[in-house]
Amino acid sequence: MLRRQILNGMAGVGAGLALAALPGVVAPALAQETVKVGLILPMTGASASTGRQIEAAARLYMAQNGNKVAGKTIELIVKDDTGAADQTKRLATELVVNDKVAVIAGFGLTPLALAVGPVATQAKIPAVIMAAGTSMIVEKSPYYVRTSFTLPQNTTPMAEWSAKNGIKKVVTLVADYGPGLDAEKAFKAKFEADGGKVLDQLRSPLMNPEFAAFLQKAKDLKPDALFLFVPSGQGASLMKQVNERELTKAGVKIIATGDVTDDDQLNGMGDAVIGMTTSHNYSAAHDSPENKAFVAAFLKANNNMRPNFMAVGGYDGMALIYKALEKTKGDTDGTKLVDAMKGMAWVSPRGPISIDPQTRDIVQNVYIREVKKVDGQLWNVEFATIPNVKDNTHEAAK
Ligand code: DHB
């Protein structure tokens, strides 16, 4: 009987079943020593820079920290979803069913992150959000944990700063999908609570956006400032059109979340963006020993590519997975891993961060920054810190 099952297995007929039927005999030799992490990212298409940044950061984390945690070997499997949500879902399912990954992670845009929720819930494995920023994503599965940011988290401090700094009338222009709508709502709520007035709320399409008509409309309304949000990768084309319309010359101050003055593109935006004020969770210019070491290592490993806020989300996402595995002593049970992630706190290149145990969302400093030229390069130079900011929209956090 035993011999026949082994022979069946060796012949490749029902090998999995035959081996599973012999736990005491064969299983110890097959004890799961490898922990697979499935990283699903847009490596091609409009959000390819997000994929490139996150993969580079995850690989840097592993190069710096080794591939062994609690006696297990970590194996990273990177898949390109091309930015299409049906692909994200298909890849997540394959990673779970075929590769038996312990964790899925990445997800370059909100719709891509949302697509994996049902897979993570059913498989009971963590889905670590390293990029997407719409608040409600983490509410859609108890297995989501976020290491990126949320738009309300990053936007509210910009609204507060604006009201305090002589700006009375604002027009908002955001990408017309989850994070843009979150930014629009958060900006108006805080700015008007602080006495300002939002004159109009403009929305540009997410795909192949053409900003000129919206920018002309904003200019015609003569606001003190124009608040902008577009996702990573679109900032350069937006700012090119902002500069062509000469809004600053017309007396309109440009303010934004740091998604617009993305470190991946900032240096190529030209001197016209100098003086722009933004709020964000990460700048490559962040002045700390942890960040200096991170930026130097990242530049070196990636042919001088400057890390952006997506990179830091990926780096910290890998850190979270390593730390959770250490805490469970190598136990890969998905529910135990998520429990281990809740409340985890450490110092990231962006500053101190933690995972809110109630919401599984990230708590982090938000910085107010100004674009400046330093040693011939453009940087988001931080000049004020709002410490330990939580997303203020989750029911569980209220
Ligand atoms: C999202 C994507 C981005 O590139 C970004 O900068 C902010 C939010 C998103 O789709 O959630």
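Student: How do you know that a backbone atom of G133 is in polar contact with the ligand?

Tutor: Look at the distance: a backbone N or O atom of G133 lies 2.7 Å from an oxygen atom of the ligand. A polar contact is a pair of N or O atoms within 3.5 Å (within protein, one must be able to donate a hydrogen and the other to accept it, and residues adjacent in sequence count only if both atoms are side-chain atoms). The pair at 2.7 Å therefore counts as a polar contact.

Student: What kind of model are we reading?

Tutor: This is a predicted model, where local features need pLDDT of at least 70 and side-chain atom pairs count only at pLDDT 80 or more, while totals for chains, interfaces and linings use all residues. Residues are numbered from 1 along each chain as its sequence is written, and side-chain values use heavy atoms, with hydrogens and water left out.

Student: Which side chains have a polar atom at a short listed distance from a ligand oxygen, T110 for one?

Tutor: T110 places a polar side-chain atom 2.5 Å from an oxygen atom of the ligand. For Y177, a polar side-chain atom lies 2.7 Å from a ligand oxygen. Taken alone, the ligand exposes 290 Å², and the protein buries 99% of that; these areas come from the Shrake-Rupley method with a 1.4 Å probe.

Student: Which residues around the ligand come nearest?

Tutor: T110, G133, Y177, S232 and D259 do, out of 15 residues around the ligand. A residue is near a molecule if one of its heavy atoms lies within 4 Å of it.

Student: What makes up the shell by class?

Tutor: The shell has nine nonpolar, five polar and one charged residues. Asp, Glu, Lys and Arg count as charged; Ala, Val, Leu, Ile, Met, Phe, Trp, Tyr, Cys and Pro count as nonpolar; the others, Gly among them, are polar.

Student: Where does the ligand sit?

Tutor: In the largest cavity. A molecule sits in a cavity if more than half of its atoms lie within 2 Å of its grid points, and a cavity is a set of points on a 1 Å grid over the protein atoms alone where a 1.4 Å probe fits but cannot get out.

Student: Now burial. Why is Y143 called buried?

Tutor: Its relative accessible area is 9%. Buried means under 20%, exposed over 50%, and partly exposed in between (1.4 Å probe, protein chains only), so Y143 is buried. Y143 lies in the loop between β5 (127-129) and β6 (144-146). Its C-alpha is 7.6 Å from that of T335, although the two are 192 residues apart in sequence.

Student: Why is I321 called buried?

Tutor: I321 has 1% relative accessibility, so it counts as buried. This residue belongs to helix α13. V69, 252 residues away in sequence, has its C-alpha 9.7 Å from that of I321.

Student: Why does S288 count as buried?

Tutor: Its relative accessibility is 11%, so buried is the right word. S288 is in the loop between β11 (277-280) and α12, and its side chain reaches the backbone nitrogen of N291 at 3.0 Å.

Student: What makes K124 and N303 worth a look in phi?

Tutor: K124 has a positive phi of about 55 degrees although it is not a glycine, and N303, also other than glycine, has a positive phi near 55 degrees. K124 is found in the loop between α7 (117-123) and β5, N303 in the loop between α12 (289-301) and α13 (309-327).

Student: Is K124 buried, partly exposed or exposed, and why?

Tutor: K124 is partly exposed because its relative accessible area is 48%. N303, at 76%, is exposed.

Student: Why is A285 called partly exposed?

Tutor: Its relative accessibility is 30%, so partly exposed fits. A285 lies in the loop between β11 and α12, and the C-alpha atoms of A285 and E382 are 7.5 Å apart.

Definitions and conventions: On a 1 Å grid over the protein atoms alone, a cavity is a set of points where a 1.4 Å probe fits but cannot get out, and a pocket is an open set with protein on both sides within 12 Å along at least five of seven lines; lining residues have an atom within 4 Å of a point. Helices (H or I, at least four residues) and strands (E, at least two) are DSSP runs, numbered from the N terminus.
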